[in-house]
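Subject: Structure handover

Hello,

Here is the structure I promised to pass on. Please open it beside this note, then read on for what was found.

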Amino acid sequence: MKTKLIQKWNLLVLFFIWIGTMFLPSTVNQEKLDTVFYISKSREDFFYLLINQIPYDTIVLILMISLSVFYTLKNHYFGKYFAFASLTLYISVFIIRIPLSFIFVKPFEINSTYGGLSRFWAFYGSGYVMTSILGLIFLFSLLYYAIFQLRYKSDNKS
């Protein structure tokens with residue numbers, strides 16, 4: 001089976017890009033986009049969300065990602081399970097729980113849902129969306145690397 005493998009440097013570059021986008025403000029006050037943008041007057045960055053708002057999920061996510069990287073680099077089959085678990089945790093927290101807690105405050109009222117969506121966009125903005133998407137790309141790449149690097153090494157031994 002021919003698959004294009006991801007190298008370790010690809011994962012390292014994706015990780016640093018993901019961490020770099022976390023330093024961007026997680027929200028930009030939408031009224032200030034028409035005028036001059038000041039980083040100091042915008043709200044906190046993504047690290048504020050990780051450390052102050054969801055600290056337990058952050059600790060578990062960091063532990064899962066570090067275990068998946070450790071086991072993957074050791075060529076142990078546990079790496080793919082930890083990579084899948086960290087991807088699942090990341091999706092459940094940053095893609096599902098946080099946005100839906102803003103959007104669906106009262107789920108059966110359409111105006112409330114639209115207001116929740118606009119409140120989510122005003123509070124988090126494009127920085128959150130971009131960081132979440134880059135985190136998904138990194139974790140999918142880590143899972144892909146963990147699954148196919150072991151298969152590739154076992155195919156080359158025989």
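**A nonpolar patch on the surface**

Ile 95, Ile 96, Leu 100 and Phe 104 make up a nonpolar surface patch, and together they have about 320 Å² of accessible area. Patches are built from residues with over 30% relative accessible area and no salt bridge; like charges are joined within 9 Å, and nonpolar side chains (Val, Leu, Ile, Met, Phe, Trp, Tyr) within 5 Å. A salt bridge here is a side-chain nitrogen of Lys or Arg within 4 Å of a carboxyl oxygen of Asp or Glu. Areas come from the Shrake-Rupley method with a 1.4 Å probe, and for residues only the protein chains shown count as cover.

One patch member, Phe 104, sits in the loop between helix H4 (78-103) and helix H5 (110-123). Phe 104 counts as partly exposed because its relative accessible area is 41%. The classes are buried (under 20% relative accessible area), exposed (over 50%) and partly exposed in between, with a 1.4 Å probe and protein chains only.

**What you are looking at**

This is a predicted model, in which local features need pLDDT of at least 70 and side-chain atom pairs count only at pLDDT 80 or more, while totals for chains, interfaces and linings use all residues. Residues are numbered from 1 along each chain as its sequence is written, and side-chain values use heavy atoms, with hydrogens and water left out.

pLDDT is the predictor's confidence in each residue, from 0 to 100. Its mean over the chain is 79, and 73% of the residues reach 70 or more. Among the elements, helix H3 (residues 55-73) has the highest mean, 92, and H5 the lowest, 72.

The chain has 6 helices and 0 strands. Both are DSSP runs numbered from the N terminus: helices are H or I with at least four residues, strands are E with at least two. Of the 158 residues, 35% are buried. The chain exposes about 10,200 Å², and carbon and sulfur atoms supply 69% of that.

A contact means heavy atoms within 4.5 Å. Of the contacts with a separation of 6 or more, 68% join residues 24 or more positions apart.

**Buried residues in the helices**

What does Ser 68 touch, leaving out residues up to four places away in sequence? Its partners are Gly 79, Phe 82, Ala 83, Ser 86 and Leu 142. Ser 68 lies in helix H3. Its relative accessible area is 0%, so Ser 68 is buried. A polar atom of its side chain lies 2.8 Å from the backbone oxygen of Ile 65. For reference, a polar contact is a pair of N or O atoms within 3.5 Å; within protein, one must be able to donate a hydrogen and the other to accept it, and residues adjacent in sequence count only if both atoms are side-chain atoms.

Thr 21 belongs to helix H1 (residues 8-22). With 10% relative accessibility, Thr 21 is buried. Its side chain reaches the backbone oxygen of Trp 18 at 2.8 Å. Beyond its neighbours within four places in sequence, Thr 21 contacts Thr 131 and Leu 134.

Phe 148 is part of helix H6 (residues 125-157). It is buried, at 17% relative accessibility. Its C-alpha atom is 9.2 Å from that of Lys 80, although the two residues are 68 apart along the chain.

**One loop residue**

Asn 75 is in the loop between H3 and H4. Its phi is near 60°, a positive value in a residue other than glycine. Asn 75 is partly exposed, at 36% relative accessibility.

Best wishes
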